[in-house]
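Here's a quick briefing to go with the model below. Have a look at the fold first, then read on.

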Amino acid sequence: VSQSRYKHPRYYFFHGSHPKLQSDFSKWIQQAHQKNIVLQIKKRISGQQLSLKEADFNNLENARNSVLPEIKNLFLKYSQKFYLPWELMAAVAYQESHWNNEAISFTGVKGLMQITNETAEFLGIDDRMDMDQSIFGGFKYLRLLIERTPQFLPIHDRLALALATYNIGSGHMIDAQKLAIHLGKNPHSWHDLKNVLPLLASDEYLPFLKYGKARGYEPVHFVHSVLTYFEILKYNSDDF
């Protein structure tokens, strides 16, 4: 059945001459929601399509139920201020620290959002271990990075570029974009940059890097993980 013939979306799946089939499906959907079946399907689809390991998904679910309710209001607070989905920044925080405000990495980044000392000074944050300031800083920084991306880009590319820069830093991202141009790639396309960024770790391309070598595979993993967690949190955002 063509979508143009039947404009209502449901008829894309069910022929109009079979109203009982549509009615039965609607009843099943209602029952499935009540029995939590739809949520399980969404989880399974998310894990398969977004390549999330079962253990990672289970860890996220446990933290979502035990930790996130205690800090969700802070994400909601700054979501309204910076016009970013709270689930997105919660996903960033989970990837950064697993929602552990006491986290300190071997590189010296601290707090829930794992903000560097240099970035904290730039954002006007006095205490990176203060949860409110950390979340505020994360929102402010990502919003700034998104605004710096070209407005003509699709939103997915703008978000992916901003997230990658959040992880690897502006200098290394500039290097990656210049290297992309050198290799005949689009410096604003995430499809191209996710293949160029790992090259920052190679000695072969060191002469082209103003800011030196970097673990360019990390921002690629960071973007993938954050967007995966973001999708899962959106599926479940009205559960609590």
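How many helices and strands are there in the protein chain? There are eleven helices and zero strands, counting DSSP runs numbered from the N terminus (H or I, at least four residues, for helices; E, at least two, for strands). This is a predicted model, where local features need pLDDT of at least 70, side-chain atom pairs count only at pLDDT 80 or more, and totals for chains, interfaces and linings use all residues. Residues are numbered from 1 along each chain as its sequence is written, and side-chain values use heavy atoms, with hydrogens and water left out.

**Overall chain**
- Of the 240 residues, 44% are buried (under 20% relative accessible area, 1.4 Å probe, protein chains only).
- Among contacts (heavy atoms within 4.5 Å) with a separation of 6 or more, 54% join residues 24 or more positions apart.

**Largest pocket**
- The largest pocket (an open set of points on a 1 Å grid over the protein atoms alone, where a 1.4 Å probe fits, with protein on both sides within 12 Å along at least five of seven lines) holds about 1000 Å³ of space.
- Its lining (residues with an atom within 4 Å of a point) has 29 residues, with Val-109, Thr-116, Tyr-166, Asn-167 and Ile-168 nearest the centre.
- Elements giving two or more residues to that lining include α5 (86-97), α8 (155-168) and α11 (217-236).

**Second largest pocket**
- About 180 Å³ of space lies in the second largest pocket.
- Its lining includes Leu-145, Arg-148, Met-173 and His-188.
- α9 gives the most to this lining, with four residues.

Technical notes: Buried < 20%, exposed > 50% of the residue type's maximum accessible area, 1.4 Å probe, protein only. Points joined across faces, edges and corners; volume = space filled by probe spheres on them.
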